[in-house]
Amino acid sequence: MHEYTSTGRVWGLSCPGFPEEVSRARRWTRDILRGSPLAEDAELIVSELSANAILHTASGREAGGFHLAVAVTPQVVAVSVTDDGGTRTAPKIEHQDQEAEHGRGLGMVSALAHRVVVHDSDHGHTVTAELFAGPHQRGGHPC
């Protein structure tokens with residue numbers, strides 16, 4: 001294999017912070033992962049992370065937006081959503097009861113993904129959810 005060639009691919013999409021962009025992000029993810037057994041979980045994760053960015057950060061304000069990245073290797077699909085910040089605290093996983101109307105999103109993402117990482121910067125937050133192909137553990141449960 002040539003030193004600059006790999007089997008991994010990365011796609012990026014920048015979206016304005018409008019609610020209808022969440023469905024665009026889902027369709028885009030579905031198109032990239034067409035045929036993958038991880039496509040449905042990745043699509044649901046992208047939907048939740050994109051909606052959270054719009055609802056809870058400066059991404060949903062005038063001139064705001066969010067950036068989505070999808071990285072695919074034979075072993076892993078990683079989806080990342082970066083928001084525009086504007087909050088004092090980073091997103092965190094909270095385990096709410098089934099009746100809660102808010103606060104369950106990252107818990108659901110955590111249950112679907114094998115690993116969830118939140119990265120803080122001066123310009124916003126990036127939430128990355130990794131889905132492993134093959135016989136790995138997911139959300140603490142067998143795949």
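The legends below describe close-up views of a predicted model.

**View 1. Overall layout of the predicted protein chain, with three helices and seven strands.** Followed along the sequence, the secondary structure elements of the protein chain are arranged in the pattern β-α-α-β-β-α-β-β-β-β. The protein chain has 143 residues, of which 38% count as buried. When contacts with a separation of 6 or more are considered, 61% of them in the protein chain are accounted for by residues 24 or more positions apart. Five salt bridges are present in the structure, and some of them are taken up in the views that follow.

**View 2. The packing of helix 2 (residues 39-56) against helix 3 (residues 105-112).** The axes of helix 2 and helix 3 lie 10 Å apart and make an angle of about 155 degrees. Because angles over 145 degrees count as roughly antiparallel, helix 2 and helix 3 are described as roughly antiparallel to each other. The crossing in which helix 2 passes helix 3 is left-handed. On the side of helix 2 the contact is formed by D41, L44, I45, E48, L49 and N52, while helix 3 contributes G105, L106, M108, V109 and L112. By residue class, the contact of helix 2 with helix 3 comprises seven nonpolar, two polar and two charged residues.

**View 3. The salt bridge between R24 and E21 within helix 1.** The side chains of R24 and E21 meet with an N to O distance of 2.5 Å. Both residues lie in helix 1, where R24 and E21 are three residues apart, or about one turn of the helix. R24 counts as partly exposed, with a relative accessibility of 31%, whereas E21, at 11% relative accessibility, counts as buried.

**View 4. The salt bridge between R26 and E43, and the network that includes R30.** The closest N and O atoms of R26 and E43 are 3.2 Å apart in this salt bridge. Since R26 belongs to helix 1 and E43 to helix 2, the pair ties together parts that are 17 residues apart in sequence. R26 is partly exposed at 31% relative accessibility, while E43 has a relative accessible area of 8% and is buried. R26 and E43 are also linked with R30 in a network of salt bridges.

**View 5. The salt bridge between R115 and E130, with the surroundings of E130.** The side chains of R115 and E130 meet at 2.9 Å, N to O. R115 is placed in strand 4 (residues 115-121) and E130 in strand 5, so this salt bridge ties together parts that are 15 residues apart in sequence. Strand 5, which holds E130, covers residues 124-132. With a relative accessibility of 44%, R115 counts as partly exposed, whereas E130, with a relative accessible area of 14%, is buried. When neighbours within four places in sequence are left aside, the residues in contact with E130 are V76, V77, A78, A113, H114 and R115.

**View 6. L38, a buried residue in the loop between helix 1 and helix 2.** The loop that contains L38 runs between helix 1 (20-32) and helix 2. L38 has a relative accessibility of 12% and therefore counts as buried, the cut-off for that class being under 20% relative accessible area. Apart from neighbours within four places in sequence, L38 is in contact with V77, L131, F132 and A133. V77 is 39 residues away from L38 along the chain, and the C-alpha atoms of the two residues are separated by 7.5 Å. V77 is also among the residues in contact with E130, the strand 5 residue of the preceding view.

**View 7. H119 in strand 4 and the residues that H119 touches.** H119 has its place in strand 4, the strand in which R115 of the salt bridge with E130 also lies. If residues up to four places away in sequence are not counted, H119 touches G124, H125 and T126. The C-alpha atoms of H119 and T82 are separated by 9.1 Å, with their positions 37 residues apart along the chain taken as the separation in sequence.

Note on methods:
Residues numbered from 1 in each chain as written. Predicted model: local features only at pLDDT ≥ 70, side-chain atom pairs only at ≥ 80, totals over all residues. Heavy atoms only, no water. Axes fitted to C-alpha atoms, helices over the stretch in contact; angles between N-to-C directions. Helix = DSSP H or I, 4+ residues; strand = E, 2+ residues; numbered from the N terminus. Parallel < 35°, antiparallel > 145°, perpendicular 65-115°, else oblique. Left-handed = near helix turned anticlockwise from the far one by under 90°. Contact = heavy atoms within 4.5 Å. Nonpolar A, V, L, I, M, F, W, Y, C, P; charged D, E, K, R; others polar. Buried < 20%, exposed > 50% of the residue type's maximum accessible area, 1.4 Å probe, protein only. Salt bridge = Lys/Arg side-chain N within 4 Å of Asp/Glu carboxyl O.
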